[in-house]
Amino acid sequence: MKRANTFPNGSPITTKLTYEDYLKTSDDERYELLDGELFILPTPSLAHQHVAMKLATRLDTFVEDKNLGVVYFAPTDVVLSETHVVQPDLMFISSDRAGIVTSANIQGAPDLLVEIRSDSTAERDENLKRKLYAEYCVEEYWLVDPDARTITVLLLAQDDYAEGVMYTVGQTLTSSMLEGFSAHLDEIFLSPT
């Protein structure tokens, strides 16, 4: 993810941006707004897309069959505040919290967020977004690494995430939030070539 130092029209960015500024960005690129800084999101790799599709399919089927809520995938804006707008790879919003879903975006923290790592987003996903998601009370946060073929599940404990459980190929991921959900990682990740 690279920082956008100018607006799409070429004007320099000199102050902290807000959601109103974010709405003026080009539809030709994907962006996130983190603490008032605009970042351009890179095009996902094929491995990233494969994992996103596999996890989204499993999550959506489980959530729909149990009538638990909804699953969305990127690009969907999650407006956490005027200066924090993210586009997580996948998210689950429980039926109890359906009021945060609008026709344009998600207004508040989903119950579960999934970020699929790339070299350009890893630092941000593992540090800045981890702190941000804890601050806004995202109950469960999955960090997916397609190259290492791992998924780390982090659970909110007060104002930070407790040490996560890392799942790897040969293991079956489970979720505290989605009781009964499981995904065998051999079926999620592409085989190394």
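A polar contact is a pair of N or O atoms within 3.5 Å; within protein, one of the two must be able to donate a hydrogen and the other to accept it, and residues adjacent in sequence count only if both atoms are side-chain atoms. A good example involves Thr25, where a polar atom of the side chain lies 2.8 Å from the backbone oxygen of Tyr22.

The structure is a predicted model, in which local features need pLDDT of at least 70 and side-chain atom pairs count only at pLDDT 80 or more, while totals for chains, interfaces and linings use all residues. Residues are numbered from 1 along each chain as its sequence is written, and side-chain values use heavy atoms, with hydrogens and water left out.

Viewed as a whole, the protein chain contains four helices and 15 strands. Helices (H or I, at least four residues) and strands (E, at least two) are DSSP runs, numbered from the N terminus. Along the principal axes, the C-alpha atoms fit a box of roughly 50 × 40 × 30 Å. The radius of gyration of the protein chain is 16 Å, which agrees with the value near 16 Å that a compact globule of 193 residues would have. This radius is taken over C-alpha atoms, and the globule rule is 2.2 Å times the number of residues to the power 0.38.

Turning to surface and interior, 47% of the 193 residues are buried. Buried means under 20% relative accessible area, exposed means over 50%, and partly exposed lies in between (1.4 Å probe, protein chains only). The accessible surface of the protein chain comes to about 10000 Å², and carbon and sulfur atoms hold 48% of this surface. Such areas come from the Shrake-Rupley method with a 1.4 Å probe; for residues, only the protein chains shown count as cover. A contact means heavy atoms within 4.5 Å. Among contacts between residues at least 6 apart in sequence, 51% join residues at least 24 apart.

Individual residues bring this picture to life. Thr25, already met above, sits in the loop between α1 (19-22) and β2 (30-34), and counts as buried because its relative accessibility is 13%. Ser94 belongs to strand β7 and is also buried, at 14% relative accessibility. Leaving aside residues up to four places away in sequence, Ser94 touches Leu68, Gly69 and Asp111. Ala98 lies in the loop between β7 (90-94) and β8 (106-107); at 42% relative accessibility, Ala98 is partly exposed. From Ala98 to Asp35 the separation is 63 residues in sequence and 25 Å in space, C-alpha to C-alpha.

The backbone offers some surprises too. Most residues other than glycine have a negative phi, and most peptide bonds are trans. The peptide bond from Ala74 to Pro75, however, is cis, with omega near 0°, and Pro75 is found in the loop between β4 (69-73) and β5 (78-81). Arg149 is not a glycine, yet has a positive phi of about 60°. This arginine is placed in the loop between β10 (140-145) and β11 (150-157) and is buried, with 17% relative accessibility. Gln158, again not a glycine, has a positive phi of about 65°. Gln158 lies in the loop between β11 and β12 (160-161) and is exposed, with a relative accessible area of 77%.
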